[in-house]
Amino acid sequence: MIDVSTQTAPLTRKDFVSDQEVRWCPGCGDYAILAQVQKILPSLGIPKENILFISGIGCSSRFPYYMNTYGFHSIHGRASALASGAKIANPNLSVWVVTGDGDSMSIGGNHFIHVLRRNIDLNILMFNNRIYGLTKGQYSPTSELGKITKSTPMGSLDYPFNPPALALGAGGTFIARAIDRDQHASSEILQRAASHKGTSFVEYYQNCLIFNDGAFASLTEKDSKDDTVLHLVHQQPMVFGKENNKGLRLVGSQFEIIELGSEFGINDVLVHDENNKNLAILLSELTYNPVLPTPVGIFYVKNTSTYENMVTEQIEQAIKIKGEGDLNSLFNSGGTWVVE
Amino acid sequence: MSEIKRKITELTDVTIRFAGDSGDGMQLTGTQFSDNTAIFGNDLATFPDYPAEIRAPAGSLAGVSSFQIQFSKRDIHTPGDELDVLVAMNPAALKVHMGDVKVHGMIIINDANFTKRNLQLAGYNSNPVEDGTLNNYRVINVDMTRLVTFATEDIDLTSKLVARSSNMFALGLVYWLYGRKFDNTVKFIKKKFSKNPDIAEANVRALIAGFNYGETLEVIKTSYHVSKATFEPGTYRNIMGNMAVAFGFLTASQNSGLELFYGGYPITPASDILHYLSSYKNFHVKTFQAEDEIAGVVSAIGAAYAGNLAVTATSGPGMALKTEAIGLAVITELPIVIVNVQRGGPSTGLPTKTEQSDLLQAMWGRHGEAPCVVMAANSPADCFEASYEACRIAVKYMIPVILLTDGYIANGSEPWRIPDVNSLKKITTTRVTKSDGFEPYDHSSDVLARPWAIPGTPGLEHRVGGLEKSDGSGNVSHNPQNHHYMVQLRQNKVDIIAKDIPNEVPYGDTSGDLLVLGWGGTKGALRSAVNRARENGKSVSHIHLRYLNPLPNNLGELLLKFKKVLIPELNMGQLATIIRAKYLVETISFSKLQGKPFTTTEVYQRIITEIGG
């Protein structure tokens, strides 16, 4: 195991910029996310050499080449499996997984659900543009039903995955959503994700200018976003709207929009509790709701043992019980005989 | 009681097969006999053979499970061809196996299970014990279940549980027959059933009842003695191939100072490697039971990048799933060891039966030009040295190594001389810590290995990945000349290893009428057949390959010194294909695809066919 060396000079954003030319399409949402990540990393106080970015395949997965940290651009869908091995091998590393909706929801779906249930301390950033970009424009597992693409000229026939709901179902312990163009909210989400001990899953709504432009326009355009985005803040009422004049309340298990004014006051608005899984499940179901606002922020957090910590504990326990492994005594255990 | 006069006959070697229903405990019985035989000091080789179903229908032919052992005072290489003794716990076991018993060989039968229904299930119209079918054999027909019931009547157990101790009766009887002591097995039983003393007691009594049955009754007039074999001095234990693989990994981990990471997914017949390693956590071993075969190897690649000694094990179907990721290990030049415990294929094939049909997959089963080192272990004990060597090569050359074993040697056992771990080849790595002049894809070293710069090391931050990289800097490169160069370089990395492996020395003579060329788990049968041919004055020699990629440097010239080259393989001629392609020599392929190892006799007969009697 490698010791964490103490940091001497404070790092800046520039320390995390590699010498490689960034080659995403001009205007791609990936640029904004790259900048946000490079901006928050110095604030984490983690030495650069202890940071490892791992990706799969897709536009987003070029990410590690642009980071001046350790990095591994792996194969399609397998980033979280590769990251699991690296993190278990060296728990001192801060391991980040950069993936896309095709990479992690389709070809890597199995690894995605299993890494979440194991709660390995990884930070998974899933760039969700609801399209296959690198293969030039086929529908993805998060594309809306009826999506017209090159591979679905008459419209796609499969219902999309709902990523936060899938992650909650898989037993995820940190589930959040960010938007590429919302730098302020994203920075905080990234910092929280980094500090969470366990698998952090951040779904990043990311615009693909070429093949799915405007997929999230209503959530990012100035004149609509206040009415369409619900910023989740722990222990704060779920209000939204230009004047913060709208709120959500629960009637039975259904959300309802209330106008704050004469009939309803702030105390009638549901308060977000990021430790309430039932609430998180209900919120995740707003993902494709055409009427209610789309939640952005941290849906759910649960603090519990990480997989790699339990691995370490078992090793320590085994040593305590059996003593440090000794090959000679192992080989000579069981029936042996001596030939003179 | 009158004194019984008994003869003790001295024998050179004996082959016994214990056979019964899957639930009859034949594997345990055979293992106990083997361990005791090993401690006694005979050389031995074993062959467990069991159905793919956990519990096939009771009494059916499909449900027969068996365990064969040959033991000897000589150096032996196989579990034996024909049986001296068959223990048949039910009619199905008799039906399946009696064809392998020598004429006048002994058949021990548990009469209790020869009921009308069981006879029908086995396809017998009449009872073979009574109708003369077994006239050419020496039959010992005992109602073991009834005798065990008498012996345990004061123990409060159901008749079903009592009946399940009958295997120990059979074992006790065979112990008596070969003059063995039963103390070790009594110890074993008491430990195994420590939580259930009644069951332990019933089993011990059954064992002793079986032993005493031999001692007391006149039916058996002779017992046998097989003297100790001559071994090289040292301390020995009995070992199975999968355990030896696990030991090899552990030793490589200790000798290299690299923590061992095992990522894998359960698959027959490789799972035992995972089981063993997961019980060695006090050696700082990390075992990761992944969600699938792909995650098994990919997690190992991640662990290798992070600086562990990273290994995985699987069998054919899992190997197919891992191929894309092995290509990633090739292009990122990371050291991993992939063990393929081969089984009958294609597809699910014969999960519990042996085969050697994944050689070409190991050689060329990846997209693109993706050469790996390919090695094979040739016996249960040899799996130790082979897996250690696979690790040594992987980390020295920064390259994935595929180690082929098979179901036969993985589950078979033989005596293993416990090595002095300090005397094994030293393991070196290309680990770097200094940033001066560091380039992640620097191939300037003699062995062409790139530096192993482990995350956590300051100043060596770098990126690797599946896209083609520029030699030296490791930056993504689509440059045509660079790609050609890198493809050639990755091949050269394999080829250069030929300098680090021993030249072949044929067993027998360096030239002659026939060379038997083999690889992997067939070594025992091939060596025994060659020995038999040589004893009969034939000019036959043997080369058994450990390294298949690269091949030993002198193999080509050796092949030319024999008039004929016979290549017996448990496949359609995969090594033969490689040998013809590489050396342009004529070869004779001898294939067997029955899910079973070669017998000495069938290889011997083929040798004689080729060179004339």
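A residue is counted as buried if 20 or more other C-beta atoms lie within 10 Å of its own, with C-beta atoms placed from the backbone. By this criterion, helix H2 of chain A in the predicted model is mostly covered, with eleven of its eleven residues buried. The buried residues of H2(A) begin with A:Ala79, A:Ser80, A:Ala81 and A:Leu82. They continue through A:Ala83, A:Ser84, A:Gly85, A:Ala86 and A:Lys87 to A:Ile88 and A:Ala89. The charged residue A:Lys87 therefore counts as buried along with the nonpolar A:Leu82 and A:Ile88. For chain A as a whole, 46% of the 340 residues count as buried.

Helix H2(A) also takes part in the contact between the two chains. This contact involves 52 residues from chain A and 60 residues from chain B. On the side of chain A that touches chain B, at least two residues each are supplied by strand E2 (70-73), helix H2 (79-89), helix H4 (109-118), helix H10 (307-322), helix H11 (327-331) and strand E14 (336-339). The largest share, eight residues, comes from H2(A). By class, the side of chain A that touches chain B is made up of 24 nonpolar, 22 polar and six charged residues.

Strand pairing also links the chains. Strand E2(A) is joined by three bridges to strand E17 of chain B, residues 463-465, and the two strands run parallel. Within this pairing, A:His73 has B:Gly465 of E17(B) as its bridge partner. Strand E2(A) is thus listed both among the elements that supply the side of chain A touching chain B and as a partner of a strand of chain B.

Within chain A, the secondary structure amounts to eleven helices and 14 strands. An open sheet of three strands in chain A follows the order E10-E11-E12, with antiparallel pairing. Its edge strands are E10 (239-240) and E12 (254-259), each of which pairs on one side only. Strand E11 of chain A, residues 246-251, is joined to E12(A) by six bridges, and these two strands run antiparallel. One of the bridge partners in E12(A) is A:Ile258, which is matched with A:Gly247.

Taken along the principal axes, the C-alpha atoms of chain A fill a box of roughly 95 × 50 × 45 Å. Among contacts in chain A with a separation of 6 or more, 68% are between residues 24 or more positions apart.

How values were computed
Residues numbered from 1 in each chain as written. Chains lettered and ligands numbered in written order. Predicted model: local features only at pLDDT ≥ 70, side-chain atom pairs only at ≥ 80, totals over all residues. Contact = placed C-beta atoms within 7 Å. Helix = DSSP H or I, 4+ residues; strand = E, 2+ residues; numbered from the N terminus. Pairing = 2+ DSSP bridges. Buried ≥ 20, exposed ≤ 12 C-beta atoms within 10 Å, placed from the backbone.
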